[in-house]
Amino acid sequence: RRGGAALRSTLIEGETGTDTYKNYLIDGAGSKISYWHDVDLAPEGAADGVYNMVTEIPKMGTAKMEIDTKDTSNPIVQDEKKGKLRFYHGPIFWNYGCLPKTWENPNEEHPELKCFGDDDPIDVVEIGSSSLDEGSITPVKALGVLAMIDDGELDWKVIAIAESDPLAAELDDIADVEAKCPGVVSGIREWFRWYKTPDGKPLNAFGFDEECLPKAKAIEVIAETHAAWQGLREGSLDGGKLWTGV
């Protein structure tokens, strides 16, 4: 069943560390399917606020891996800038990925922040203790969300923890993270504020007075981006050159 958890695997084509590298999601029949469009947003029967996270960059990674939203079947590839493979200037200290079946619509202006979506699935920063493999699909609890503004585009960062993590039972909202994991939220905010500056780019900004908004807002934002993805797939919203599999 597409979107379910049954019999999925990954297929690597090309060579790691080159522009030929592609990590495809494979279904039980051996066919290439999409990490973006063919994985359910949430596990079947999941509690409210639990979602499937696709890991693009494992904790402590430096290679800027991401789902290729324009290529057929949406493999995970290493991002390029001006013909060169992209690397962070230091490791990212959390698992980083996205939620399938979401889309930050670049043609929709946020009513308060007055900027448009970044044309990608919504990003997730997973704060658990384990490193998650690239291409793995992990049930996570959403805990809060940061409204990052990157080069004038709205780029939400959902903060979450793997349901299987030992700390997950103690964390239900962003206030729990602040109380039990002091420094984590500010660490995430500052990492994303500064990470492009070695390339001569300006600091990234954050809306809502830089506050990490609570779980209820994260759930609301995820629902909005899922609705935008539905519009993209149905054709009621313009996706430009995005590969939607339709």
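**Figure 1. An aromatic cluster brings together Tyr88, Tyr96, Trp191, Phe192 and Tyr195**. This close-up, like the ones below, comes from a predicted model. The five side chains Tyr88, Tyr96, Trp191, Phe192 and Tyr195 form one aromatic cluster. Across the chain, the count of aromatic pairs comes to eight. Take Tyr88 and Trp191: their ring centres are 4.9 Å apart and their planes sit at 90°, so this pair is edge-to-face. The two partners come from distant parts of the chain, 103 residues apart. Tyr88 belongs to the loop between strand 8 (84-85) and strand 9 (95-98), while Trp191 is in helix 2 (residues 184-194). Tyr88 has 7% relative accessibility, so it counts as buried. Trp191 is buried too, with a relative accessible area of 13%.

**Figure 2. Trp156 and Phe208 make a stacked pair**. Here the ring centres are 6.3 Å apart and the planes meet at 20°, which is why the pair counts as stacked, given that stacking calls for planes under 30 degrees apart. Again, distant parts of the chain are linked, this time 52 residues apart. Trp156 sits in strand 13 (residues 153-162), and Phe208 in the loop between strand 14 (205-206) and strand 15 (213-214). Trp156 is buried, with just 3% relative accessible area.

**Figure 3. Helix 2 and what covers its buried residues**. Which residues of helix 2 are buried? They are Val185, Ile188, Arg189, Trp191, Phe192 and Arg193. Two of these, Trp191 and Phe192, also turn up in the aromatic cluster of Figure 1. The cover over the buried residues of helix 2 includes strand 9, strand 11 (123-126), strand 12 (137-150), strand 13, helix 1 and strand 14.

**Figure 4. Ala205 in strand 14**. Is Ala205 buried or exposed? Neither, quite: at 36% relative accessibility, Ala205 counts as partly exposed. Leaving aside residues up to four places away in sequence, Ala205 touches Ala147, Met148 and Ile149. The view also takes in Gly152, 53 residues from Ala205 along the chain, with 8.9 Å between the two C-alpha atoms.

**Figure 5. Thr225 in helix 3 (residues 215-234)**. With 6% relative accessibility, Thr225 counts as buried. What does Thr225 touch, not counting residues up to four places away in sequence? The list is Lys101, Thr102, Trp103, Glu104 and Ile122.

**Figure 6. Asp173 in the loop between strand 13 and helix 1 (174-180)**. Asp173 counts as partly exposed, at 26% relative accessibility. Its contacts, again setting aside residues up to four places away in sequence, are with Leu143, Pro214 and Lys215. Look at Leu143 in particular: Asp173 and Leu143 are 30 residues apart in sequence, yet their C-alpha atoms are 4.6 Å apart in space.

**Figure 7. Two loop residues with positive phi, Asn74 and Lys82**. Asn74 isn't a glycine, but has a positive phi of about 55°. Lys82 isn't a glycine either, and has a positive phi of about 55°. Asn74 is placed in the loop between strand 5 (65-67) and strand 6 (76-78), and Lys82 in the loop between strand 7 (80-81) and strand 8. How accessible is each of them? Asn74 has 0% relative accessibility and counts as buried, whereas Lys82 has 83% and counts as exposed.

**Figure 8. The whole chain, for orientation.** Zooming out, the chain has three helices and 15 strands. The C-alpha trace spans about 45 × 45 × 35 Å along its principal axes. A compact globule of 246 residues would have a radius of gyration near 18 Å, and the chain, at 17 Å, agrees with that. Buried residues make up 50% of the 246. Of the contacts between residues at least 6 apart in sequence, 66% join residues at least 24 apart. The chain exposes about 11300 Å², with carbon and sulfur atoms supplying 50% of it. As for charge, there are 25 positive and 45 negative side chains, and the centres of the two sets lie 3 Å apart.

How values were computed:
Residues are numbered from 1 along each chain as its sequence is written. This is a predicted model: local features need pLDDT of at least 70, side-chain atom pairs count only at pLDDT 80 or more; totals for chains, interfaces and linings use all residues. Side-chain values use heavy atoms; hydrogens and water are left out. Helices (H or I, at least four residues) and strands (E, at least two) are DSSP runs, numbered from the N terminus. The radius of gyration is taken over C-alpha atoms; the globule rule is 2.2 Å times the number of residues to the power 0.38. Buried means under 20% relative accessible area, exposed over 50%, partly exposed in between (1.4 Å probe, protein chains only). Contact means heavy atoms within 4.5 Å. Accessible areas come from the Shrake-Rupley method with a 1.4 Å probe; for residues, only the protein chains shown count as cover. Lys and Arg count as positive and Asp and Glu as negative; His and the chain ends are not counted. The place of a charge is taken as NZ of Lys, CZ of Arg, CG of Asp or CD of Glu. Rings of Phe, Tyr and Trp (its six-membered ring) pair if their centres lie within 6.5 Å; planes under 30 degrees apart count as stacked, over 60 as edge-to-face and the rest as tilted.
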